[in-house]
Amino acid sequence: MANPYRLYWTPTSGSFVVELMLREAGAPHETIQVEDRRAEDFLAVNPLGKVPVLELPDGTVMTESAAMVLQLFDAYPEADFTPQGAASWTKARRWLMFLTCELYTAYQQSYHSEHFTVGSRIAREEVKSAGRGRVRELWKIFEAQALDPGPFVLGERYSAVDAYAAMLASWDQSPEVLLTIRPRLGSLVQAVCDRPETAAVLEKYRLGFGA
Ligand SMILES: N[C@@H](CCC(=O)N[C@@H](CS)C(=O)NCC(=O)O)C(=O)O
């Protein structure tokens, strides 16, 4: 029998979308909660000291959440979270990279400012504040371009790119405010939350969108 996928995770982290996909695909998997990302045994798995980390059934170790999403698209071409057709793939690649390179990084800037400045506490506050401003700017672009016409990034069809976007939205300082000022993003998040597997994974990761 093939080995299961093994996903390293922590609460509130980017492992969320990967675990959701594994569950939705019915893929045999184990999850390993990382207690200390700076511990030697975890640094041996990922020298960056970051989650998610995904070990594939053949033993290959992957980092980078967006690469894992693409990997699971390949592994489960028929799943409803996988884009179908050339135009959808083009759009999915573009916005998945936008979410991971731009938005994920802007969130990291506000939550892990230590990676972005060697400066004082004041410099760190400035980095965080710039990150928060950037997050708002990037969601505006995402809503105007990726969700036109919506409701999903691929139009009428859901894909895991939407779950990735919902995960990032849940990291916002004030998700309720974000989803109010970006109503199309709000509808996307609601649609992701309505999927049968989502609630349990949101709860496991202690993520949510307020009342
Ligand atoms: N580019 C990476 C970013 C991973 C990342 O920054 N993970 C966060 C949790 S959401 C983390 O472990 N941060 C710890 C740190 O930055 O020291 C990915 O997409 O997987």
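The residues of the shell around the ligand divide into four nonpolar, nine polar and three charged, where Ala, Val, Leu, Ile, Met, Phe, Trp, Tyr, Cys and Pro count as nonpolar, Asp, Glu, Lys and Arg as charged, and the others, Gly among them, as polar. The model is a predicted one, in which local features need pLDDT of at least 70 and side-chain atom pairs count only at pLDDT 80 or more, while totals for chains, interfaces and linings use all residues. Residues are numbered from 1 along each chain as its sequence is written. In total, 16 residues surround the ligand (a residue is near a molecule if its C-beta atom, placed from the backbone, lies within 6 Å of it), and the closest are Ser13, Gly14, Lys50, Ser65 and His112. Helix 4 contributes three residues, the largest share of this shell; helices are DSSP runs of H or I with at least four residues, numbered from the N terminus.

The protein is divided into domain 1 (5-75) and domain 2 (86-195), with bounds that come from an automatic or database domain assignment. Between the centres of domain 1 and domain 2, taken over C-alpha atoms, lie 20 Å. Eight residues from domain 1 and eight residues from domain 2 take part in the contact, two residues being in contact if their C-beta atoms, placed from the backbone, lie within 7 Å. On the side of domain 1 that touches domain 2, helix 1 gives the most, with four residues, and the residues of this side divide into six nonpolar, two polar and no charged.

Definitions and conventions: Helix = DSSP H or I, 4+ residues; strand = E, 2+ residues; numbered from the N terminus.
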